[in-house]
Amino acid sequence: MKTLTIDDKQNFIIVLLSALLFYANNLIKYKIEVPFLGYILRNHFNDFLGGIAFIAVVNIILYLSKYNRIKKYIIILMFALLASVFWEVITPIFKSNSYGDILDVLSYVLGFSFYWIIKKYILKNNTYTFR
């Protein structure tokens with residue numbers, strides 16, 4: 001098996017932290033009485049976290065394969081848009097209790113984008129580029 005790079009270890013940590021924040025949000029989101037914050041936590045924050053975790057999981061899967069990780073923002077953004085189309089357009093066609101929401105699309109795109117920002121600027125990984 002390949003050795004884990006710092007980048008790969010960070011992806012595992014990002015998935016773990018996203019999962020922890022997801023569960024914490026589910027514990028508190030209905031208890032928040034601040035109207036706008038409560039709305040965001042109940043309806044869109046988990047989608048944002050899902051965007052972050054999704055691309056990290058994709059990169060973990062790519063680590064386990066022979067393919068390169070996705071590090072270009074433009075490709076990450078394309079993944080976000082494709083996932084959004086699947087979750088918000090295609091899924092509601094086949095799942096009767098699901099419906100499309102443009103704010104969820106925005107949440108996914110922001111989550112995927114925040115993953116890239118974390119890697120590029122917070123963790124100072126210069127292998128993450130715009131194009």
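Good morning. Let us start with one residue, Leu-106, which is partly exposed, its relative accessible area being 45%. The structure before you is a predicted model, and every value I quote is computed from it.

Where does Leu-106 sit? It belongs to helix H5, which spans residues 102–122. Leu-106 is also one of the residues that form a nonpolar surface patch of about 620 Å². The other members of that patch are Phe-36, Tyr-39, Ile-102, Leu-103 and Leu-110.

Which helices build this patch? At least two residues come from helix H2, residues 35–43, and at least two from H5. H5 makes the largest contribution, with four residues. A residue must have over 30% relative accessible area to count towards a patch, and Leu-106, at 45%, meets that condition.

I turn now to the way the helices pack. In general, a pair of packed helices is described by the angle between the axes and the distance between them.

Consider H5 again, together with helix H4, residues 73–94. Their axes come within 9 Å and cross at roughly 155°. Angles over 145 degrees count as roughly antiparallel, and H4 and H5 are therefore roughly antiparallel to each other. The crossing of H4 past H5 is right-handed.

A second pair is formed by helix H1 and helix H3, the latter covering residues 45–64. Here the axes are 9 Å apart and the packing angle is about 155°. H1 and H3 are therefore roughly antiparallel to each other as well. What is the hand of the crossing of H1 and H3? It is left-handed.

Within H1, which runs over residues 6–28, we find Ile-28. This residue is partly exposed, with a relative accessible area of 40%. Between the C-alpha atoms of Ile-28 and Leu-123 there is a separation of 29 Å, and the two residues are 95 positions apart along the chain.

Finally, I would draw your attention to Lys-124, located in the segment after H5. Most residues other than glycine have a negative phi. Lys-124 is not a glycine, yet its phi is positive, at about 55°. Is Lys-124 buried or exposed? It is exposed, since its relative accessible area is 64% and the cut-off for exposed is over 50%.

To close, I would leave you with two points about H5: it supplies the largest share of the nonpolar patch, and it lies roughly antiparallel to H4. Thank you for your attention.

Key. Residues are numbered from 1 along each chain as its sequence is written. This is a predicted model: local features need pLDDT of at least 70, side-chain atom pairs count only at pLDDT 80 or more; totals for chains, interfaces and linings use all residues. Side-chain values use heavy atoms; hydrogens and water are left out. Patches are made of residues with over 30% relative accessible area and no salt bridge: like charges are joined within 9 Å, nonpolar side chains (Val, Leu, Ile, Met, Phe, Trp, Tyr) within 5 Å. Accessible areas come from the Shrake-Rupley method with a 1.4 Å probe; for residues, only the protein chains shown count as cover. A salt bridge is a side-chain nitrogen of Lys or Arg within 4 Å of a carboxyl oxygen of Asp or Glu. Buried means under 20% relative accessible area, exposed over 50%, partly exposed in between (1.4 Å probe, protein chains only). Axes are lines fitted to C-alpha atoms, for helices over the stretch in contact, and angles run from 0 to 180 degrees between N-to-C directions. Angles under 35 degrees count as roughly parallel, over 145 as roughly antiparallel, 65 to 115 as roughly perpendicular and the rest as oblique. A crossing is left-handed if the near helix is turned anticlockwise from the far one by less than a right angle, and right-handed if clockwise.
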